Amino acid sequence: MNTQVFVLDNGAYTAKAGLATASPTVVPNCIMKAKSERRRPFIGNQIEECRDLAALYFMLPFQKGYIVNWDIQKTVWDYIFSKECCPINLSQTSITITEPPFNFSSIQEAMVEIFFEDFEVASLLRINPSTLSCYHYRHENPTAKCCIVIDVGYSFTHIVPYVNDMKIKAGIRRIDVGGKLLTNHLKEILSYRQLHVMDETYVVNQVKEDSCFVSQDFYNDMEIAKKKISENSIVKDYVLPDFTNIRRGYLTDPGTDTDSQVLRMNNERFSIPEILFHPSDVGIKQMGIPEAVMDSIKDCEEETWPHLLANIVLTGGCAKFPGFRERLLKDVRSLAPEEYKINIHLPENPITYAWEGGSLLANDSNYSSLVVKKEEYEEEGQAVCYDKFDT
């Protein structure tokens, strides 16, 4: 196949994009407007040119994990394919694009239409990011016949089991908790306790990334957080950025930086990620990730259970919280039958893991049989996509 392959892992928070032969560019999947520069919208990585990131206004193409605003999504895609980001000749390119499990058919049709009719790509493959993560994992572990992918994304957490590279649809679980909910909850707590930050999504997201961790013993850490500052090993000050000297905030010991504006971070540091394990803490009547993993496995054939538990793959931005893998291992271990071995694989970069799987798939000899070519689409329309793409 003469065409080059471009992989676009189209997440609700960031799009990971790039030619399969290169490394991915991570682009914020939104349009942002700043108070200081009202007239200019910042698309994707242009946000780095913004001088003042206070009170950024976000326009997102996704809501609850699904594309709802095509104008914004098309603008971001135009930026991704532009000279500024990833310049390519679309008419000679095969696009691999990701979509969530059980995506709505109206969204799938619109996506196919845009790529074939607006972008005029040579061919297209629509696939779940968890399938690409499974492919990547199987490439690294050829003996593993099964795996279960936990994708802790922006809007949702998806748990998807695979047996012999086949997705077990009955075992797919979705928890309505992701990075967005954690950031919003942190905004509410900080605004209630310390400083009004309800408009500061961008900054509070950085606070979450820089200061939160997953507790290994929640009640014990809660006791430590109640102690006086001198005896409290958890409490830290987060120095807020002023966008002149400090572009991004950072953690420091309490009371060391008296000149800057600070947020005191105590039990928020571990109680925010805890929502992933106990969604009921914020009124979401769903299972936490460990219970959902066991529930998912129970919908697969019993002989696959030990193989699934021995090959759990953790992906998505929230997987980067320190202590996440260790806590998940501990909780799943306490729920699973004791004769089964449990292994959780946390990739070096859980954010680009699915993209890397797409890049490996592009070199697979079967790749050309998975895609829909432009000629096929012009001849048969949407029907050929429904036949070929298993989503």
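A residue is called buried here when its relative accessible area is under 20%, exposed when that value is over 50%, and partly exposed in between. The structure on display is a predicted model, and the tour below proceeds from its domains to single side chains.

**Domains**

Begin by colouring the chain in three parts. Domain 1 takes residues 4–128 together with 351–390. Domain 2 comprises 131–178 and 279–345, and domain 3 is the segment 179–274. Next, display domains 2 and 3 by themselves; their C-alpha centres are 29 Å apart.

**The interface of domains 2 and 3**

Select the residues on either side of this boundary. Domain 2 contributes 16 residues that are in contact with 14 residues of domain 3. The size of an interface is often given as the accessible area lost when the parts come together. For domain 2 and domain 3 this buried area is about 1,300 Å², with 59% of it given by carbon and sulfur atoms. Now show Tyr154, Phe321 and Arg327 as sticks: within domain 2 these residues lose the most area to domain 3, and together they account for 44% of what that side buries.

Polar links may be drawn next. Between domain 2 and domain 3, twelve residue pairs are in polar contact, with both residues at pLDDT 80 or more. The rule finds one salt bridge across this interface.

**Arg327 and its partners**

Centre the view on Arg327. Its side chain meets that of Glu274 in a salt bridge, with an N to O distance of 2.8 Å. Both Arg327 and Glu274 are buried.

Keep Arg327 selected and add Asp331. The side chains of Arg327 and Asp331 also form a salt bridge, at 3.0 Å from N to O. Arg327 and Asp331 are four residues apart in helix α10, so about one helical turn separates them. Are these two residues buried or exposed? Arg327 is buried, as is Asp331.

**A salt bridge within helix α6**

The structure holds 17 salt bridges. For another of them, select Glu223 and Lys226, whose side chains meet at 3.3 Å, N to O. Because they lie three residues apart in helix α6 (residues 218–226), Glu223 and Lys226 are separated by about one helical turn. Glu223 has 44% relative accessibility and therefore counts as partly exposed. Lys226, at 62% relative accessibility, counts as exposed. The Arg327 and Glu274 pair offers a different arrangement to inspect: Arg327 lies in helix α10 (residues 324–335) and Glu274 in the loop between α7 and α8 (289–298), so this pair ties together parts that are 53 residues apart in sequence.

Then select Arg173, Asp295 and Asp299, which are linked in a network of salt bridges.

**Strands β15, β16 and β17**

Switch to a cartoon view and highlight strand β15 (residues 236–239). Four bridges join β15 to β17, and the two strands run antiparallel. Three bridges join β15 to strand β16 (residues 250–252), again in an antiparallel arrangement. Tyr238 is a useful residue to label: it stands opposite Leu263 in β17 and opposite Leu251 in β16.

Now show the side chains of β17 (residues 262–265). In a regular strand the side chains alternate between the two faces of the sheet. Which residues of β17 form the covered face, and which the uncovered one? Leu263 and Met265 belong to the covered face, whereas Val262 and Arg264 belong to the uncovered face.

**Asn267**

Continue to Asn267, in the loop between β17 and α7 (268–271). Asn267 counts as buried because its relative accessibility is 17%, and the cut-off for buried is under 20%. Leaving aside residues up to four places away in sequence, Asn267 touches Arg193, Met222 and Ala225.

**Helix α11**

Finish with helix α11 (residues 353–362). Eight of its ten residues are buried, so α11 is largely enclosed by the rest of the structure. To display the buried residues, select Tyr353, Ala354, Trp355, Gly357, Gly358, Ser359, Leu361 and Ala362.

Methods
Residues numbered from 1 in each chain as written. Predicted model: local features only at pLDDT ≥ 70, side-chain atom pairs only at ≥ 80, totals over all residues. Heavy atoms only, no water. Buried < 20%, exposed > 50% of the residue type's maximum accessible area, 1.4 Å probe, protein only. Pairing = 2+ DSSP bridges. Domains from an automatic or database assignment. Contact = heavy atoms within 4.5 Å. Buried area = accessible area lost by both parts, 1.4 Å probe. Salt bridge = Lys/Arg side-chain N within 4 Å of Asp/Glu carboxyl O. Polar contact = N/O pair within 3.5 Å; in protein donor to acceptor, adjacent residues only side chain to side chain.
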